[in-house]
Amino acid sequence: MRHLLDTTDLTVEEIDGLVSLALDIIADKQKYAHVCDGKKLATLFFEPSTRTRLSFEAAMMELGGNVLGFSEAGSSSATKGETVSDTIRMVSCYADIIAMRHPLEGAPRVACAKSGVPLINAGDGGHSHPTQTLTDLLTIFREKGRFSDLTIGLCGDLKFGRTVHSLIKAMCRYSNIKFILISPKELSVPDYIKTDYLEEQGMEYAETQSMEEVMPQLDILYMTRVQRERFDSEEEYLKHKDAFILDRDKLKTAKSDLTIMHPLPRVNEISTDVDDDPRAKYFEQALNGKYIRMALIITLLKWKDVVNDTETVVTQPKITVTGAKCTNPRCISNVEDIPHEFKLTDKKGTCRCIYCETKAN
Ligand code: CP
């Protein structure tokens, strides 16, 4: 049985397979209208969502299946103190597959260890959002026809932007990709993304605080929201909230075939006057999310019965670092009663929390 906790759980060939399947679904929806007859998807959203939850639910319905679940932690027994592990153990008795969003980083990794059915990370805190990345990859393929030879600008809150982290991890595996990271210094990508992915894979990347300066180079501009809910104080959020605003004027120097993406929701970072620009693809991107999630549900249910599957993420090597604790207050290991566990991530002996990838102290 396979789960999806991060984009790196999938090989490049498996991603190609999901994208091909999604394209086939788009071409002939009727062919897939009954492939999940009698199956149930549970959507467990401990944090708000519009696109991810509803596109998962629409995806399962269009495959002939049914959905159950909750859209806020307040309507679940989490409010009575039930742990993530116990919740998942229960829900996997009621459903064939689970999509789960949680504000704590690493919560889906804890959950999948107790799940009797495939579990999908639908976003964990500021850490990862792999199904958004699959959505982004389908969009890139439909717009560009390739995953290689691209200059990608990632703009906004790159520190807490889980969609950015997952997209970088995925795109690092393709050739001739250049990343331009556009953010205020305080919101730059976490160190582990630079060292363990960009540098480890020998990727070309640059950091800047000026969108205008790099606009002419970009094939893709991936805008992100500065997320109020991730900041410790309102003052910090207000300082950064309007750091980057894309408008028609700033697009004057952009390539004619630029693809403008955004995982949505947007607040101020893309002016509505950009929406009519043929290069703006963020609403098509949201629709692609339904098709790729249909492909993912079909694939994980097919893999469910595969035995001797050595790639399952639950078996990844863990090590004990005596006395070490994860220093990330948003990590599940600091909230629920589970052991602090780490993994070796490079030859220099760097250890990172298996749940949130924070470096061991
Ligand atoms: N892109 C995304 O995750 O949107 P929601 O928060 O609405 O699910």
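Me: How are residues sorted by class, and how many of each are in the shell around the ligand?
Reply: Ala, Val, Leu, Ile, Met, Phe, Trp, Tyr, Cys and Pro count as nonpolar; Asp, Glu, Lys and Arg count as charged; the others, Gly among them, are polar. Here the shell has two nonpolar, five polar and two charged residues.

Me: What kind of model is this?
Reply: A predicted model: local features need pLDDT (the predictor's confidence in each residue, from 0 to 100) of at least 70, side-chain atom pairs count only at 80 or more, and totals for chains, interfaces and linings use all residues. Residues are numbered from 1 along each chain as its sequence is written, and side-chain values use heavy atoms, without hydrogens and water. Mean pLDDT of the chain is 93, and 96% of its residues reach 70 or more.

Me: Which residues surround the ligand?
Reply: A residue is near a molecule if one of its heavy atoms lies within 4 Å. Ser 49, Thr 50, Arg 51, Thr 52, Arg 101, His 129, Gln 132, Pro 263 and Leu 264 surround the ligand.

Me: Where are polar contacts?
Reply: These pair N or O atoms within 3.5 Å. A ligand oxygen is 2.6 Å from a side-chain N or O atom of Thr 52. For Arg 101, a ligand oxygen is 2.9 Å from a side-chain N or O atom.

Conventions. A polar contact is a pair of N or O atoms within 3.5 Å; within protein, one must be able to donate a hydrogen and the other to accept it, and residues adjacent in sequence count only if both atoms are side-chain atoms.
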